[in-house]
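Good morning, and thank you for making the time. I would like to take you through one model, beginning with a single loop and working outward to the fold.

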Amino acid sequence: MKTPVAFFIFNRPDTTQQVFSAIRQAKPSKLLAIADGPRPQVPSDFDNCQATRDLLKQVDWDCQVLTLYSNLNLGCKQRVSSGLDWVFSKVEEAIILEDDCLPHPSFFLFCEELLDKYRDDKRIWKIDGTNILQKWKSAFQSYHFSNFGAIWGWASWRRAWQNYDVEMKLWANPEAQNRIRDVIGDRQQYLNRKKVFARTYAGTIDTWDYQWGFARLLNSGLSVVPSVNLVSNIGFTHSATRTKVDISGVANLPCFPMTFPLKEPCGIAVDRDYDKLRYQKTWQQTLQKKILRKLTTLRSQYPLKRSSIP
């Protein structure tokens with residue numbers, strides 16, 4: 001495979017081995033490995049980080065391997081954002097995988113074909129591997145377009161990433177917020193994005209990906225979403241840094257083979273029906289489950305006293 005693969009790793013040799021095996025099967029000609037350093041307050045990180053990095057020594061095909069390993073723990077926000085800056089300083093386009101995102105074999109060809117097809121189309125910013133709904137209109141098209149998109153297995157170009165700002169400084173501009181509102185075109189979805197963007201801008205969320213979503217929305221950049229799910233997140237465990245609990249039911253989604261040749265959608269426009277259903281699954285259901293879990297906790301802490309009246 002000619003398209004470079006960027007592989008983000010940390011301290012989980014078990015999931016990393018599974019994802020690396022999928023990459024080995026695809027045999028990219030260039031592999032860029034980015035690793036965060038161990039957390040000093042977590043003694044097991046030192047051995048686990050080293051064991052994870054040692055897996056990259058298993059490259060046994062014709063492949064140029066570039067590494068960017070940190071001795072210090074930078075955290076999710078700085079490690080991934082700086083790692084992607086480095087990736088796109090080295091290559092014009094790449095497929096990006098994290099150590100818990102297990103791709104179907106057809107994911108790589110899907111990304112490679114569409115990276116080539118939309119390379120010069122500035123409307124398209126990102127190729128996704130994850131379809132949260134698992135299947136969507138797969139009977140007559142291979143993909144559709146979304147205002148959003150997942151970061152569990154994706155691909156993009158330098159031309160799109162150069163608009164990224166980890167500090168998200170433009171959020172302070174009211175006109176930027178108005179533009180995002182108009183692009184989304186749905187009040188509930190906008191208010192949800194407004195909340196998380198405000199928290200990200202304020203620095204209360206240690207992440208890199210909301211900034212990427214902000215940049216795409218601000219510039220009306222579209223994500224390509226496959227009609228069938230091509231990536232499964234296998235990392236929802238208590239040992240995970242972020243994905244410890246699967247509230248929305250998106251962990252370990254089944255993957256399906258993509259059929260080739262690809263069937264194009266009838267036009268380049270946002271599928272708002274998909275975006276609405278995706279929002280309901282990942283945000284509305286999450287909120288409902290959080291409220292239910294909070295009520296359950298409160299009931300256990302403060303049980304209602306039974307009335308003494310017979």
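Let me begin with Asp206, which lies in the loop between helix 7 (187–202) and helix 8 (209–218). Helices here are DSSP runs of H or I with at least four residues, strands are runs of E with at least two, and both are numbered from the N terminus. Before going further, I should state that this is a predicted model, in which local features need pLDDT of at least 70 and side-chain atom pairs count only at pLDDT 80 or more, while totals for chains, interfaces and linings use all residues. Residues are numbered from 1 along each chain as its sequence is written, and side-chain values use heavy atoms, with hydrogens and water left out.

Is Asp206 buried or exposed, or does it fall in between? It counts as partly exposed, because its relative accessibility is 48%; buried means under 20% relative accessible area, exposed over 50%, and partly exposed in between, with a 1.4 Å probe and protein chains only. Leaving aside neighbours within four places in sequence, Asp206 is in contact with Gly75, Cys76 and Lys77, where contact means heavy atoms within 4.5 Å. The C-alpha atoms of Asp206 and Gly75 are 7.7 Å apart in space, although the two residues are 131 apart in sequence. In addition, a polar atom of the Asp206 side chain lies 3.5 Å from the backbone nitrogen of Lys77.

Following the loop we reach helix 8, which is mostly covered, with 10 of its 10 residues buried. Among them are Asp209, Arg216, Trp212 and Phe214. Just after helix 8, Ser220 takes a positive phi of about 55°.

A second aspartate invites comparison. Asp99 sits in the loop between strand 4 and strand 5 (101–103). Its relative accessible area is 7%, so Asp99 is buried. The Asp99 side chain reaches the backbone nitrogen of Phe10 at 3.4 Å. That is a polar contact, a pair of N or O atoms within 3.5 Å; within protein, one must be able to donate a hydrogen and the other to accept it, and residues adjacent in sequence count only if both atoms are side-chain atoms. Beyond four places in sequence, the contacts of Asp99 include Phe7, Asn11, Arg12 and Val19.

I turn now to the sheet. In what order do its 8 strands run? The open sheet follows the order 3-2-1-4-8-6-9-7, with mixed pairing; two strands pair if DSSP finds at least two bridges between them. Strand 3 (64–69) and strand 7 (143–146) each have a single partner strand, so one side of each is left without a neighbour in the sheet. On average, and with direction ignored, neighbouring strands are turned by 25° against each other. At one edge, strand 7 pairs with strand 9 (residues 222–226) in the antiparallel sense over 4 bridges, and Ser146 stands opposite Ser223.

Two helices pack on this sheet. Helix 1 (residues 13–26) touches strand 1 (5–9), strand 2 (30–35) and strand 4 (93–98), and its direction makes about 170° with that of strand 1. Helix 4 (residues 106–117) touches several strands, including strand 6 (124–128) and strand 8 (154–157), and makes about 150° with strand 4. Axes are lines fitted to C-alpha atoms, for helices over the stretch in contact, and angles run from 0 to 180 degrees between N-to-C directions.

Strand 8 deserves its own remark. It pairs in the antiparallel sense with strand 4 over 4 bridges and with strand 6 over 2 bridges. Ser156 is the bridge partner of Ala94, and Ala155 is that of Ile127. Trp154 and Ser156 point one way from strand 8, Ala155 and Trp157 the other, and all are buried.

Ile127 also leads us to the interior. The largest nonpolar core has 67 residues, and Ile127, Phe110 and Trp212 are among those with the most contacts inside it. Such a core is a set of buried Ala, Val, Leu, Ile, Met, Phe, Trp, Tyr and Cys residues joined through side-chain atoms within 4.5 Å. Apart from it lies another core, of 15 residues, including Met168 and Tyr190.

To close with the whole chain: its secondary structure comes to 9 helices and 10 strands, and 52% of its 310 residues count as buried. Among contacts between residues at least 6 apart in sequence, 83% join residues at least 24 apart.
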